[in-house]
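Q: I'd like a close look at a single part of this model, and then how that part sits in the rest. Take your time with it.

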Amino acid sequence: MQVVTHSHGDTVVASVKESRIDAASAVKFKDAMQAIGRGPGDRVILDLASVEFLDSSGLGAVVAVMKAYAPSKTLELAGLGPVVEKVFRLTRMDKVFRIHDSVPSALEAV
Amino acid sequence: MTDFSETYVFQSTYAEVTQTLATLMEELRRVGVDAADMATVEIVLAEALNNVVEHAYAERPGNCVRLQCTLCEAGLCVEILDTGAAMPGGQVPSGKAPCVDADTDELPEGGFGWNMIHALTEHLTYRRSGTRNTTGFVIPLDGLR
């Protein structure tokens, strides 16, 4: 599960370089994000632009990461593709997370 | 849209679910199903098939899952057959949506799957006969209307 990070001041952008976060890969995703959570930065933007598919296991993993990061780090989302956006919307989790169209717009937002 | 009816038989692992769905998606693309409908199909089938792996077979490998998909007037007609444990209470879970209006530390990390299946399917049925579970539903496809 490849997740590439870039720091911008106190903000860390974590870009998932896999096309699926699903039942087969959810645990590896969580492990990768826990490792990033032990690093610097108090605001993490999860860049999902490369993720074409996410199921309920993937969703649960993203929620688990947000919970594990709190309270010292926040987790926001960026670059949701159509399938990922649909899953977040169906489960009303799009109301729980701060979601940005893209990483640049996330970095511009306060 | 051309006729489409396929049966897939595969082992009870998450990896084989993913592989089978990739094959199905490619075949649906070839018969003209649009991207939005394909997204709906993949979301529903990933949940239903992963449930078979996780709950019917308790993640034990070496068991069989049979998936049958047919394009019909109403949409994609699906039948899933397995020989795992019966659904609790002999019926499909109601799929009550987990509550998301909670504090961060109380947010649900699971229980989303059946709610999504109910939201995206019609004519959801479940039958237990001997050692077999048969789960059926129709996924309405907007592109067919």
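Where in chain B does Ser12(B) lie, between which elements?

A: This is a predicted model, so take the geometry below in that spirit. Ser12(B) sits in the loop that runs between β1 (5-11) and α1 of chain B. Is Ser12(B) buried or exposed? Its relative accessibility is 1%, and since buried means under 20%, Ser12(B) counts as buried.

What covers Ser12(B)? Setting aside neighbours within four places in sequence, the residues in contact with Ser12(B) are Val53(B), Tyr57(B), Arg60(B), Pro61(B), Gly62(B), Asn63(B) and Val65(B). Pick out Pro61(B) from that list: Ser12(B) and Pro61(B) are 49 residues apart in sequence, yet their C-alpha atoms are 5.4 Å apart in space.

Now to the loop between α2 and β2 (64-72) of chain B, which is where Ala58(B) is placed. Glu59(B) lies in that loop between α2 and β2 as well. Each has a backbone oddity. Phi of Ala58(B) is near 45°, a positive value in a residue other than glycine. For Glu59(B), also a residue other than glycine, phi is positive too, near 60°. As background, most residues other than glycine have a negative phi. How covered are these two? Ala58(B) is partly exposed, at 47% relative accessible area, and Glu59(B), at 45% relative accessibility, is partly exposed as well.

Follow the chain on from Ser12(B) and you can look at helix α1 (residues 14-30) of chain B, where Thr20(B) lies. Thr20(B) counts as buried, with 9% relative accessibility. Not counting residues up to four places away in sequence, Thr20(B) touches Tyr8(B), Phe10(B) and Leu67(B).

Stepping back to the chain as a whole, chain B has three helices and five strands. Along the sequence they come in the pattern β-α-α-β-β-α-β-β. The radius of gyration of chain B is 16 Å, close to the 15 Å that the globule rule gives for 145 residues, so chain B is as compact as a globular protein of that length. Its C-alpha trace spans about 45 × 40 × 25 Å along the principal axes. Of the 145 residues in chain B, 48% are buried. Contacts that link distant parts of the sequence, like the ones Ser12(B) makes with Pro61(B), have a big share in the tally: of the contacts in chain B with a separation of 6 or more, 64% are between residues 24 or more positions apart. On the outside, chain B exposes about 7200 Å², with carbon and sulfur atoms supplying 47% of that. As for charge, chain B carries 9 positive and 21 negative side chains, and the centres of the two sets are 10 Å apart.

What about the last helix, α3 (residues 113-120) of chain B? It is mostly covered, with six of its eight residues buried. Those are Gly113(B), Trp114(B), Asn115(B), Met116(B), Ile117(B) and Leu120(B). The buried residues of α3(B) pack against α2 (56-69) and α3 (82-90) of chain A, and also against α2 (35-56), β4 (122-129) and β5 (132-139) of chain B.

Chain A's α3 returns the favour. In α3(A), the buried residues include Val83(A), Val84(A), Lys86(A), Val87(A) and Phe88(A). Their cover includes β5 (53-54), α2 and β6 (74-78) of chain A, together with α2 and α3 of chain B. After α3(A) comes Arg92(A), whose phi is positive, near 60°.

That brings us to the nonpolar interior. The largest nonpolar core has 77 residues, and those with the most contacts inside it are Met33(A), Leu46(A), Leu75(A), Phe88(A), Leu24(B), Leu45(B) and Leu76(B). Its largest share, twelve residues, comes from α2(B). Take Leu75(A) as one example: leaving aside neighbours within four places in sequence, Leu75(A) is in contact with Met33(A), Val44(A), Leu46(A), Val62(A), Val65(A), Met66(A), Tyr69(A) and Phe97(A). Another core, of five residues, lies apart from the largest one, and among its members are Val13(A), Ala78(A), Val103(A) and Ala106(A).

One last backbone detail in chain A: a cis peptide bond, with omega about 0°, joins Ala70(A) and Pro71(A). Pro71(A) is found in the loop between α2 and β6 of chain A.

How values were computed: Residues numbered from 1 in each chain as written. Chains lettered and ligands numbered in written order. Predicted model: local features only at pLDDT ≥ 70, side-chain atom pairs only at ≥ 80, totals over all residues. Heavy atoms only, no water. Helix = DSSP H or I, 4+ residues; strand = E, 2+ residues; numbered from the N terminus. Buried < 20%, exposed > 50% of the residue type's maximum accessible area, 1.4 Å probe, protein only. Contact = heavy atoms within 4.5 Å. Rg over C-alpha atoms; globule rule 2.2 N^0.38 Å. Areas by Shrake-Rupley, 256 points an atom, 1.4 Å probe, with all protein chains shown as cover. Lys, Arg positive; Asp, Glu negative; His and termini not counted. Charge placed at Lys NZ, Arg CZ, Asp CG, Glu CD. Core = buried A, V, L, I, M, F, W, Y, C linked by side-chain atoms within 4.5 Å.
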